[in-house]
Structure formats: structure tokens, C-alpha cells
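Q: Please take a close look at one part of this structure, an open sheet and the strands that build it. Explain how the strands are ordered and paired, and how this part relates to the rest of the chain.

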Amino acid sequence: MANMLYFMGFLALSCSLAFASDPSPLQDFCVAAPSGNVFVNGQFCKDPKLVTENDFFFTGLDKPGNTANPLGSKVTPVNVAQIPGLNTLGISAARIDFAPYGINPPHIHHRGTEILTVLEGTLYVGFVTSNTENRLVTKVLQKGDVFVFPQGLIHFQRNAGYGNAVAIAALSSQNPGVITVANSVFGTKPPIADDVLAKAFQVDKSVVDRLQSQFWMDN
């Protein structure tokens, strides 16, 4: 009986680790194909005979993103939506451009860990640990520095230099997802009841109403 309980515990732990990220592919590749009106967890596989080199290709990551927006930053994603061949491979990337003092606002990747490399400039970056500690972990990064943002934790980047900054991020999911904190709280449609947010943030409802009336953009 004790051995059986040990085995079941080991099996449960193994399964939890196995399903902690995107599932491993069961063939050489599974290029994403349009699924029509059918929804699945991931993407359907394209007929391998119809796969071409362009299914594994993306161009343009050398070009700066347009940072002329209120956030002063632009994210150029390279995930399964841009490269169908990433389907089932559990990896994606993004380029992030920053104008002087620009920010990539607090957000979450709920399906992937991020590893960020600074190509140009200086970035102040950080993440926040989960409840109840809520500890802020920060670092100033220079060109060539690398920093990791654990999956599911709120994190951010800010251009701490006087010129433009550029970073490349790699993520442990073909589709890591993004939840921008400010947008998800104050920019919902329909809006969250202002009395709920007023009590949560311990502010007057007029403050919440003003925040909800603003335009919340994605970068």
C-alpha cells in the first residue's frame, strides 16, 4: 500500500511537470493550419506534403517598431500567428523597441516564461512575486545583459537611458499570451463595477471612473 501511494504521488508529480508548458510534438513538425469553425487547444496540423520553407520563416525583426504612442514602446511578436511552423514546438520570440523613457507596462504571460536580452540601450526591469509576499525584484540591464521573467508573474520594462533601447525576448510557448494589468482592470468591456474597483484599490469611485474613461492601449 505504501509503495502504491508513493508511486501515485510520483506519477502525479511527473504529470504536473509534463503539462507545465506546451506539449511536446509527436512528429517532426505540425505546421499550423486554418481550423475554420472548429476550436482546439493549439492548432490543427497542415498536411506535411503541403509544408514549405515559408512556414518556418519570418522577416523584418531587424526593423524598429513604431514607438510614437503614449507608452513609448512597440512589441513585434514572432509566435505561431507569424510562423505557423512554431505550432507544438513550445517557443516564440518578440522584439521590443523603446523610445527614451518608454515603458513596456506591467503585464503577464500566463502561458510562458520570458528570457530578455538587451541589444541596445539601458533597461530598468522587474517582476513581482505572488501573494502574499508581493516582492519586487528589479535590475538595471545594459547592452548584452539577460534577465528572466518567470511564467505568470507581473513584470515590466522601462527605458532608463537617454536614447532608444531594443531588446529581444524568447518565450517558452508558441503562444505565451499577454495580459496587460492596467487594461485588464480599467479597460474591460463592459467595465468592472466602479464600487468593486474602488474598494479593491481603496480609492474614491470618482478616481475609478476617471481611469475607466481613459483609452487603454496595447503596445
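A: Two strands are counted as paired if DSSP finds at least two bridges between them. The model is a predicted one, and the description below applies that criterion to it.

The sheet in question is open and has 5 strands, in the order β3-β4-β11-β6-β9, with antiparallel pairing. Its edges are formed by β3 (73-78) and β9 (146-149); each has a single partner strand, so one side of each is left without a neighbour in the sheet. From one strand to the next, the twist averages 20°. As a general point, strands of a sheet pair through backbone hydrogen bonds, in either a parallel or an antiparallel sense.

The sheet may be followed from the β3 edge. β3 and β4 pair in the antiparallel sense over 6 bridges. Within this pairing, proline 77 has alanine 94 of β4 as its bridge partner. On its other side in the strand order β4 meets β11, to which 7 bridges join it, again with the two strands antiparallel. Two residue pairs illustrate this contact: arginine 95 stands opposite isoleucine 168 in β11, and aspartate 97 has valine 166 of β11 as its bridge partner.

The next step in the order leads from β11 to β6. Here 6 bridges join the two strands, which run antiparallel. Valine 166 appears in this pairing as well, for glutamate 120 stands opposite valine 166 in β11. Valine 166 is thus matched with aspartate 97 and with glutamate 120. Finally, β6 (residues 114-120) is joined to β9 by 4 bridges, also antiparallel, and threonine 117 stands opposite valine 146 in β9.

Burial can be considered next, with buried meaning under 20% relative accessible area. In β4, 6 of the 7 residues are buried, so this strand is largely enclosed by the rest of the structure. In β11, 5 of the 7 residues are buried, so that strand too is largely enclosed by the rest of the structure. For the chain of 219 residues, the buried share is 33%.

The sheet also contributes to the largest pocket, which holds about 430 Å³ of space. This pocket is lined by 25 residues, of which Val75, His107, His109, Gly177 and Val178 are the closest to its centre. The elements that give two or more residues to the lining are β3, β4 (92-98), β5 (103-108), β11 (165-171), β12 (179-180) and α2 (181-186). β4 gives the most, with 4 residues.

Two of those lining elements, β5 and β12, belong to another open sheet of 5 strands, with the order β8-β7-β10-β5-β12 and antiparallel pairing. Its edges are β8 (136-141) and β12, each with a single partner strand, so one side of each is left without a neighbour in the sheet. Within this sheet, β7 (residues 123-128) and β10 (residues 155-159) pair in the antiparallel sense over 5 bridges, and leucine 123 stands opposite asparagine 159 in β10.

As to the setting of these sheets, the chain has 4 helices and 12 strands. Among its contacts with a separation of 6 or more, 69% are between residues 24 or more positions apart. The chain exposes about 13,600 Å², of which carbon and sulfur atoms supply 62%.

Methods
Residues are numbered from 1 along each chain as its sequence is written. This is a predicted model: local features need pLDDT of at least 70, side-chain atom pairs count only at pLDDT 80 or more; totals for chains, interfaces and linings use all residues. Side-chain values use heavy atoms; hydrogens and water are left out. Axes are lines fitted to C-alpha atoms, for helices over the stretch in contact, and angles run from 0 to 180 degrees between N-to-C directions. Buried means under 20% relative accessible area, exposed over 50%, partly exposed in between (1.4 Å probe, protein chains only). Contact means heavy atoms within 4.5 Å. Accessible areas come from the Shrake-Rupley method with a 1.4 Å probe; for residues, only the protein chains shown count as cover. On a 1 Å grid over the protein atoms alone, a cavity is a set of points where a 1.4 Å probe fits but cannot get out, and a pocket is an open set with protein on both sides within 12 Å along at least five of seven lines; lining residues have an atom within 4 Å of a point. Grid points are joined across faces, edges and corners, and a volume is the space filled by probe spheres set on the points.
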